[in-house]
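Got your viewer open? Here is a short tour that moves from one selection to the next.

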Amino acid sequence: MAESKRDYYEVLGVSKDADDAALKKAYRALAKKYHPDMNPGDTEAEKKFKEASEAYAVLSDPDKRRQYDQFGHAAFEGGAGGAGGFGGFDFSSADFSDIFGDIFGDFFGGGSRRGGRANTGPTRGANVRKGVRITFEEAVFGCEKELDVVLKDPCGKCNGTGAKPGTSPETCSKCGGRGQIVYTSQSFFGTVQNVQTCPECHGSGKVIREKCPDCGGSGYVSSHKKIKVTIPAGIDNGQSVRIRDKGEPGVNGGPRGDLLVEVTVSRHPIFQRQDVHIFSTAPISFAQAALGGDVRIKTVDGEVIYTVKPGTKTDTKVRLKGKGVPSLRNPQVRGDHYVTLVIQTPEKLSAEAKEALRRFDELSGNTLNQDLSNAERSKTKKKKFMDKLKETFEDLEE
Ligand SMILES: [Zn+2]
Ligand SMILES: [Zn+2]
């Protein structure tokens, strides 16, 4: 084949160790000089332009450049290059539109420059969410839980490339490895560009011809992993614990995402919580309320003895200082536990207890003997009504 082909570095006039910027600069200068639009009908210029474009397409692609450095032009000739060749370099499918965009931008003062090779830089992996349910007490005092998480890891068989061992992913010929395609068209106002994700490689810039049997070409394998999570004292329903680097793997050497463990706290039969405070009600007997005395009150630390004052009314609120929830920021600081004391009315009484209560009633004002007959009741009502009327009339007379 074309033995007289010039060396690509020579074509661009750059050294063997030229970096991307130097390549681009050299190619841009040549493209400007020889572009067919600038040299209508000049076949020599067109030839030079194509030569420079081909050289740039190869050298600006790290994979192709490596193959070229190793095998020279043979790397791209009819798949005979022996390096798992490219099956011939197809110039027509190479895409130079981003650099053309730059050039046309220079020429016409229009056209938008598209920065960046969308998906080729290191990208952090996505975060993974996992829920865990804990008890009220576990939330108050903290706990350790073991989670069963499905984690993605780079495939060991293909080292995450997705290609069958012995083969390697090839640079997408449709987009030239950029992952996106810039459609450039000329309009009355200048160059118009549309950027689209490459349909061939879906933005990765790589195409896998033979897929790795272990991961099916994805480059990742999923496995169940046991992950211990320490849930801090004071966590509340709906809050999350972040475990660094246990999310999805990064792309192109980017760091892993995080695992976010979302905590659901089960309801407690007695305790309710608001921030760092706990609320509950505690029953006390009428005798305890009237005479005072010690009552046992349940807290998250166990039962405590609280001394009720004589003459305590129902719904009296008591504060048990420091018996609430530890602060997430400082576990040494705890909220309070507010208890509402509710006087219980006895429903089942022995004959003896009933007698004692009647006796108590007699001693405290005979409330039980207010049981009036119906006649008396209506009379009282009427009387009350007449009293009211009278009062009203008196008001009017004034
Ligand atoms: Zn694999
Ligand atoms: Zn592509």
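Before the first stop, one cut-off is useful: an angle over 145 degrees between two axes counts as roughly antiparallel. Keep in mind that this is a predicted model.

**First stop: helix α2.** Select residues 20-34, which form helix α2. This helix has 15 residues and reaches 21 Å from its first C-alpha to its last, close to the 21 Å expected at 1.5 Å a residue. Now colour Ala-26, Tyr-27, Leu-30, Ala-31 and Tyr-34, the buried residues of α2. They sit on the same side of the helix, because they cover an arc of only 130 degrees around its axis.

**Second stop: α2 with α3.** Add residues 43-59, helix α3. How do the axes of α2 and α3 cross? They come within 9 Å and cross at roughly 160 degrees, and the two helices are therefore roughly antiparallel to each other. The crossing is left-handed. To see the contact, show the side chains of Leu-23, Tyr-27, Leu-30, Ala-31 and Tyr-34 on α2. Their partners on α3 are Ala-45, Lys-48, Phe-49, Ala-52, Ser-53, Tyr-56 and Leu-59.

**Third stop: Gly-162.** Next, go to the loop between β2 (143-154) and β3 (170-171) and pick Gly-162. Is Gly-162 buried or exposed? Gly-162 counts as buried because it has 24 C-beta neighbours inside 10 Å. Leaving aside residues up to four places away in sequence, Gly-162 touches Pro-169, Ile-208, Lys-211, Cys-212, Cys-215, Gly-217, Ser-218 and Gly-219. Finish by drawing a distance between the C-alpha atoms of Gly-162 and Cys-215: they are 53 residues apart along the chain and separated by 6.7 Å.

How values were computed
Residues numbered from 1 in each chain as written. Chains lettered and ligands numbered in written order. Predicted model: local features only at pLDDT ≥ 70, side-chain atom pairs only at ≥ 80, totals over all residues. Helix = DSSP H or I, 4+ residues; strand = E, 2+ residues; numbered from the N terminus. Expected span 1.5 Å × (residues − 1). Buried ≥ 20, exposed ≤ 12 C-beta atoms within 10 Å, placed from the backbone. Arc of directions from axis to C-beta. Axes fitted to C-alpha atoms, helices over the stretch in contact; angles between N-to-C directions. Parallel < 35°, antiparallel > 145°, perpendicular 65-115°, else oblique. Left-handed = near helix turned anticlockwise from the far one by under 90°. Contact = placed C-beta atoms within 7 Å.
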